[in-house]
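Take a look at the model below. We will walk through it from the whole chain down to single residues.

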Amino acid sequence: MEVMFLSTLLLVSFVLLSHFGASATANCSVCEKDCLGTDFGLEHATGTKEINGTSIVWKVNSLTEWVTSLLCYYNRKDGRQCSKTLGITLYSKSPFCRTNTLLLEGESYLLECLVENIAPLKHLIVTFYKGPEALAQMYFNSSLEPKPVTTTSILHITASKEDDGAQYWCDARLNLDVQQVPLTVSSQKLYATVYFVITVTEGEQLELNCSAVGKPTPSYVWMHSASANIFSNTSVYSIKSVTFGNEGQYKCTASNIMGTVTVNFSVHVKGELYRVCHLVLSRRLLMRSKRRS
(Lines give C-alpha, C1' and ligand atoms only; values in the text may rest on other atoms or scores of the structure.)
Protein backbone atom coordinates (compact mmCIF):
# COMPACT_ATOMS: atom_id res chain seq x y z
CA MET A 1 0.00 0.00 0.00
CA GLU A 2 1.19 3.51 -0.73
CA VAL A 3 1.09 6.29 1.80
CA MET A 4 1.76 9.78 0.44
CA PHE A 5 1.96 13.25 1.98
CA LEU A 6 1.23 16.31 -0.12
CA SER A 7 1.70 19.76 1.40
CA THR A 8 0.83 23.32 0.43
CA LEU A 9 4.10 24.39 2.07
CA LEU A 10 7.70 23.32 1.55
CA LEU A 11 8.00 19.54 1.69
CA VAL A 12 11.37 17.87 1.26
CA SER A 13 12.20 14.43 2.66
CA PHE A 14 8.89 14.56 4.53
CA VAL A 15 9.71 17.72 6.49
CA LEU A 16 7.26 20.62 6.63
CA LEU A 17 8.70 24.11 7.18
CA SER A 18 6.32 26.69 8.59
CA HIS A 19 6.72 30.26 9.80
CA PHE A 20 5.86 30.60 13.48
CA GLY A 21 2.19 31.55 13.79
CA ALA A 22 1.33 30.83 10.15
CA SER A 23 -1.34 28.46 8.91
CA ALA A 24 -0.34 25.07 7.54
CA THR A 25 -1.97 22.33 5.48
CA ALA A 26 -0.93 18.79 4.60
CA ASN A 27 -2.65 16.03 2.63
CA CYS A 28 -2.34 12.34 3.53
CA SER A 29 -3.26 10.20 0.54
CA VAL A 30 -3.40 6.55 1.56
CA CYS A 31 -3.81 5.07 -1.91
CA GLU A 32 -5.65 5.60 -5.15
CA LYS A 33 -7.98 2.56 -4.94
CA ASP A 34 -8.79 -0.62 -3.04
CA CYS A 35 -8.61 1.16 0.32
CA LEU A 36 -12.08 0.54 1.62
CA GLY A 37 -13.05 0.38 5.26
CA THR A 38 -11.73 2.35 8.20
CA ASP A 39 -8.23 0.86 8.48
CA PHE A 40 -6.39 4.12 7.77
CA GLY A 41 -5.99 7.38 9.63
CA LEU A 42 -3.88 10.36 10.65
CA GLU A 43 -2.40 10.88 14.10
CA HIS A 44 -1.91 14.51 15.06
CA ALA A 45 -1.36 16.53 18.23
CA THR A 46 -2.83 19.80 17.02
CA GLY A 47 -5.07 21.09 14.23
CA THR A 48 -8.02 19.39 12.59
CA LYS A 49 -8.43 16.69 9.95
CA GLU A 50 -11.03 16.04 7.25
CA ILE A 51 -11.43 12.68 5.51
CA ASN A 52 -12.41 12.66 1.85
CA GLY A 53 -12.42 9.17 0.44
CA THR A 54 -8.90 7.79 0.92
CA SER A 55 -7.37 11.23 1.54
CA ILE A 56 -7.05 13.03 4.85
CA VAL A 57 -6.50 16.80 4.88
CA TRP A 58 -4.84 18.23 8.00
CA LYS A 59 -5.16 21.95 8.77
CA VAL A 60 -4.03 24.32 11.50
CA ASN A 61 -4.86 28.04 11.55
CA SER A 62 -1.85 29.17 13.58
CA LEU A 63 1.12 26.91 14.17
CA THR A 64 2.62 28.14 17.45
CA GLU A 65 3.40 24.90 19.24
CA TRP A 66 5.99 22.33 18.34
CA VAL A 67 4.42 19.28 16.71
CA THR A 68 6.70 16.24 16.70
CA SER A 69 5.12 14.86 13.53
CA LEU A 70 2.00 13.84 11.69
CA LEU A 71 1.61 10.09 11.19
CA CYS A 72 -0.37 8.83 8.19
CA TYR A 73 -1.00 5.08 8.34
CA TYR A 74 -2.88 2.17 6.78
CA ASN A 75 -3.49 -1.22 8.42
CA ARG A 76 -3.17 -4.12 6.03
CA LYS A 77 -5.33 -7.22 6.18
CA ASP A 78 -2.32 -9.33 7.17
CA GLY A 79 -1.93 -7.21 10.32
CA ARG A 80 1.06 -5.16 9.17
CA GLN A 81 0.93 -1.38 9.07
CA CYS A 82 2.20 0.97 6.36
CA SER A 83 2.99 4.50 7.52
CA LYS A 84 4.76 7.72 6.61
CA THR A 85 5.72 10.54 8.96
CA LEU A 86 5.66 14.26 8.22
CA GLY A 87 8.08 16.12 10.47
CA ILE A 88 7.32 19.78 11.24
CA THR A 89 9.89 22.51 11.80
CA LEU A 90 9.02 26.04 12.94
CA TYR A 91 11.19 29.01 12.07
CA SER A 92 11.11 32.73 12.76
CA LYS A 93 10.69 35.42 10.14
CA SER A 94 13.77 37.50 10.92
CA PRO A 95 16.42 37.98 13.60
CA PHE A 96 16.98 41.38 15.18
CA CYS A 97 20.47 42.87 15.53
CA ARG A 98 21.17 45.64 18.02
CA THR A 99 24.09 47.57 19.46
CA ASN A 100 25.02 51.16 20.28
CA THR A 101 25.58 52.69 16.83
CA LEU A 102 27.50 55.66 18.30
CA LEU A 103 30.87 54.17 19.17
CA LEU A 104 33.97 55.59 20.82
CA GLU A 105 37.30 54.55 19.36
CA GLY A 106 38.98 51.89 21.53
CA GLU A 107 35.87 51.14 23.62
CA SER A 108 34.23 47.69 23.82
CA TYR A 109 30.60 47.04 22.93
CA LEU A 110 28.14 44.17 22.74
CA LEU A 111 26.59 43.20 19.43
CA GLU A 112 23.36 41.27 20.05
CA CYS A 113 21.42 39.06 17.65
CA LEU A 114 17.91 38.22 18.85
CA VAL A 115 16.10 35.28 17.22
CA GLU A 116 12.50 34.79 18.30
CA ASN A 117 10.35 31.65 18.19
CA ILE A 118 12.92 29.38 16.54
CA ALA A 119 12.83 25.59 16.49
CA PRO A 120 14.53 23.23 16.61
CA LEU A 121 17.25 25.16 18.41
CA LYS A 122 19.93 22.51 17.84
CA HIS A 123 19.84 23.24 14.08
CA LEU A 124 20.32 27.01 14.50
CA ILE A 125 23.50 28.79 13.38
CA VAL A 126 23.85 32.54 14.06
CA THR A 127 26.47 34.49 12.11
CA PHE A 128 27.63 38.06 12.84
CA TYR A 129 28.88 40.26 9.99
CA LYS A 130 30.67 43.55 9.44
CA GLY A 131 29.79 44.38 5.87
CA PRO A 132 30.40 41.21 3.83
CA GLU A 133 32.92 39.87 6.37
CA ALA A 134 31.76 37.12 8.73
CA LEU A 135 33.00 37.95 12.25
CA ALA A 136 31.83 34.89 14.21
CA GLN A 137 29.40 31.96 14.20
CA MET A 138 27.36 30.66 17.13
CA TYR A 139 26.17 27.05 17.37
CA PHE A 140 23.52 25.61 19.68
CA ASN A 141 23.81 22.06 21.00
CA SER A 142 20.56 22.18 22.91
CA SER A 143 19.22 19.19 24.83
CA LEU A 144 15.95 20.99 25.56
CA GLU A 145 12.74 19.59 24.16
CA PRO A 146 12.24 20.87 20.60
CA LYS A 147 9.77 23.69 21.15
CA PRO A 148 9.96 27.26 19.79
CA VAL A 149 12.31 29.37 21.89
CA THR A 150 13.77 32.87 21.85
CA THR A 151 17.54 33.16 22.07
CA THR A 152 20.07 35.99 22.07
CA SER A 153 23.63 35.63 20.78
CA ILE A 154 26.26 38.14 21.91
CA LEU A 155 29.51 39.19 20.23
CA HIS A 156 32.07 41.50 21.86
CA ILE A 157 33.53 44.13 19.52
CA THR A 158 36.08 46.91 19.99
CA ALA A 159 35.55 50.05 17.93
CA SER A 160 38.36 51.31 15.71
CA LYS A 161 38.55 54.19 13.27
CA GLU A 162 38.24 51.69 10.39
CA ASP A 163 34.76 50.80 11.65
CA ASP A 164 33.34 54.24 10.96
CA GLY A 165 30.45 53.80 8.52
CA ALA A 166 30.61 49.99 8.73
CA GLN A 167 27.44 47.89 8.58
CA TYR A 168 26.88 45.40 11.39
CA TRP A 169 24.24 42.69 10.98
CA CYS A 170 23.50 39.05 11.64
CA ASP A 171 21.64 36.15 10.11
CA ALA A 172 19.96 33.04 11.48
CA ARG A 173 20.21 29.77 9.57
CA LEU A 174 18.37 26.52 10.15
CA ASN A 175 20.72 23.79 8.98
CA LEU A 176 18.23 20.94 8.73
CA ASP A 177 19.04 17.30 8.06
CA VAL A 178 17.13 17.26 4.78
CA GLN A 179 17.93 17.54 1.09
CA GLN A 180 17.49 21.27 0.74
CA VAL A 181 19.28 24.58 0.94
CA PRO A 182 19.48 25.78 4.58
CA LEU A 183 16.80 28.29 5.49
CA THR A 184 18.45 31.66 6.21
CA VAL A 185 16.93 34.97 7.30
CA SER A 186 18.86 38.19 7.89
CA SER A 187 18.50 41.10 10.29
CA GLN A 188 18.46 44.79 9.50
CA LYS A 189 21.84 46.49 8.98
CA LEU A 190 23.21 48.88 11.62
CA TYR A 191 25.45 51.72 10.45
CA ALA A 192 28.20 52.45 12.99
CA THR A 193 29.52 55.95 13.68
CA VAL A 194 32.93 55.93 15.39
CA TYR A 195 34.03 59.02 17.32
CA PHE A 196 37.74 59.72 17.63
CA VAL A 197 38.35 60.25 21.34
CA ILE A 198 40.35 63.34 22.31
CA THR A 199 41.13 64.18 25.94
CA VAL A 200 42.32 67.69 26.80
CA THR A 201 42.84 69.57 30.09
CA GLU A 202 40.82 72.68 30.89
CA GLY A 203 42.63 75.81 29.69
CA GLU A 204 44.70 74.02 27.06
CA GLN A 205 44.44 74.52 23.31
CA LEU A 206 42.30 72.14 21.25
CA GLU A 207 42.72 71.42 17.55
CA LEU A 208 40.42 69.15 15.57
CA ASN A 209 41.74 68.21 12.13
CA CYS A 210 39.33 67.25 9.37
CA SER A 211 41.58 67.52 6.30
CA ALA A 212 40.15 66.30 3.01
CA VAL A 213 41.59 66.32 -0.50
CA GLY A 214 39.44 66.93 -3.55
CA LYS A 215 38.76 68.96 -6.67
CA PRO A 216 37.09 71.36 -6.40
CA THR A 217 38.44 72.16 -2.94
CA PRO A 218 36.04 70.89 -0.25
CA SER A 219 34.10 73.24 2.00
CA TYR A 220 33.72 72.45 5.70
CA VAL A 221 30.90 72.62 8.21
CA TRP A 222 31.47 71.89 11.90
CA MET A 223 28.69 70.93 14.34
CA HIS A 224 28.85 70.60 18.12
CA SER A 225 26.38 68.51 20.11
CA ALA A 226 26.02 71.13 22.85
CA SER A 227 25.73 74.30 20.76
CA ALA A 228 24.60 75.76 17.47
CA ASN A 229 26.33 75.06 14.17
CA ILE A 230 29.92 76.22 13.87
CA PHE A 231 30.81 77.33 10.38
CA SER A 232 34.38 77.26 9.18
CA ASN A 233 36.06 77.32 5.80
CA THR A 234 39.14 75.48 7.01
CA SER A 235 39.82 71.85 7.82
CA VAL A 236 41.11 72.59 11.32
CA TYR A 237 38.87 73.89 14.10
CA SER A 238 40.79 75.46 16.98
CA ILE A 239 39.93 76.58 20.51
CA LYS A 240 42.70 78.50 22.28
CA SER A 241 41.51 77.82 25.84
CA VAL A 242 39.22 74.85 26.38
CA THR A 243 36.39 74.97 28.93
CA PHE A 244 33.94 72.29 30.04
CA GLY A 245 31.38 73.87 27.71
CA ASN A 246 33.51 72.70 24.79
CA GLU A 247 33.10 69.08 25.81
CA GLY A 248 30.93 66.79 23.66
CA GLN A 249 30.68 65.41 20.15
CA TYR A 250 31.91 67.29 17.10
CA LYS A 251 31.04 66.43 13.52
CA CYS A 252 33.00 67.78 10.59
CA THR A 253 31.50 67.50 7.11
CA ALA A 254 33.73 68.07 4.09
CA SER A 255 31.90 68.30 0.77
CA ASN A 256 32.13 69.35 -2.85
CA ILE A 257 30.10 68.56 -5.96
CA MET A 258 31.57 65.04 -6.03
CA GLY A 259 30.42 63.96 -2.58
CA THR A 260 30.53 64.31 1.20
CA VAL A 261 32.81 62.90 3.90
CA THR A 262 32.09 63.07 7.64
CA VAL A 263 34.53 62.78 10.56
CA ASN A 264 33.36 62.55 14.19
CA PHE A 265 35.23 63.53 17.35
CA SER A 266 34.41 63.01 21.02
CA VAL A 267 36.12 65.63 23.22
CA HIS A 268 36.61 65.01 26.95
CA VAL A 269 37.79 67.91 29.14
CA LYS A 270 39.68 67.24 32.38
CA GLY A 271 39.75 69.75 35.19
CA GLU A 272 42.76 71.90 36.21
CA LEU A 273 42.85 70.06 39.54
CA TYR A 274 43.51 66.79 37.71
CA ARG A 275 46.59 68.33 36.05
CA VAL A 276 47.93 69.68 39.35
CA CYS A 277 47.45 66.32 41.09
CA HIS A 278 49.08 64.57 38.19
CA LEU A 279 52.10 66.87 38.34
CA VAL A 280 52.44 66.48 42.11
CA LEU A 281 52.19 62.71 41.83
CA SER A 282 54.75 62.65 39.04
CA ARG A 283 57.20 64.74 41.07
CA ARG A 284 56.81 62.50 44.11
CA LEU A 285 57.44 59.41 42.02
CA LEU A 286 60.48 61.10 40.50
CA MET A 287 61.85 62.02 43.98
CA ARG A 288 61.41 58.45 45.19
CA SER A 289 63.20 57.19 42.14
CA LYS A 290 66.16 59.53 42.80
CA ARG A 291 66.39 58.46 46.47
CA ARG A 292 66.55 54.79 45.52
CA SER A 293 69.28 55.45 42.98
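What follows moves from overall totals to one sheet, then to the cores and a pair of threonines.

The model is predicted. Its secondary structure consists of one helix and 25 strands. The chain has 293 residues, and 35% of them count as buried. Accessible surface totals about 17,400 Å². Carbon and sulfur atoms own 51% of that area. Now take contacts with a separation of 6 or more: 65% of them link residues 24 or more positions apart.

Turn to one sheet. Three strands form an open sheet in the order β10-β12-β15, and the pairing is antiparallel. The edges are β10 (96–98) and β15 (149–158), each of which pairs on one side only. On average, neighbouring strands here are turned by 15 degrees against each other, with direction ignored. Strand β10 connects to β12 (residues 108–118) through three bridges. Cys 97 has its bridge partner, Cys 113, in β12.

Strand β15 holds Thr 151. Is this residue buried or exposed? Its relative accessibility is 13%, which is under the 20% limit, so Thr 151 counts as buried. Beyond its neighbours within four places in sequence, Thr 151 is in contact with Cys 113, Leu 114, Val 115 and Ile 118. Leu 121, Leu 124 and Phe 140 complete that list of contacts.

Next, the cores. In soluble globular proteins, nonpolar side chains tend to be buried together. The largest nonpolar core here has 24 residues. Which members touch the most others? They are Leu 124, Val 126 and Phe 128. At least two residues of this core come from each of β12, β13 (124–130), β15 and β16 (167–174). Strand β12 gives the most, with five residues.

Val 126 shows what surrounds one of these members. Setting aside residues up to four places away in sequence, Val 126 touches Cys 113, Val 115, Ala 136 and Gln 137. Val 126 also touches Met 138, Phe 140, Ser 153 and Asp 171. Another core lies apart from the largest one. This other core has 16 residues, among them Ile 239, Tyr 250, Val 267 and Val 269.

Last comes a second threonine. Thr 253 sits in strand β24 (residues 248–256). In sequence, Thr 253 and Tyr 220 are 33 residues apart. In space, their C-alpha atoms are 5.6 Å apart. Tyr 220 is also one of the contacts of Thr 253 once neighbours within four places in sequence are left aside. The other contacts of Thr 253 are Ser 219, Val 221, Thr 260, Val 261 and Thr 262.

Note on methods: Residues numbered from 1 in each chain as written. Predicted model: local features only at pLDDT ≥ 70, side-chain atom pairs only at ≥ 80, totals over all residues. Heavy atoms only, no water. Helix = DSSP H or I, 4+ residues; strand = E, 2+ residues; numbered from the N terminus. Buried < 20%, exposed > 50% of the residue type's maximum accessible area, 1.4 Å probe, protein only. Contact = heavy atoms within 4.5 Å. Areas by Shrake-Rupley, 256 points an atom, 1.4 Å probe, with all protein chains shown as cover. Pairing = 2+ DSSP bridges. Axes fitted to C-alpha atoms, helices over the stretch in contact; angles between N-to-C directions. Core = buried A, V, L, I, M, F, W, Y, C linked by side-chain atoms within 4.5 Å.
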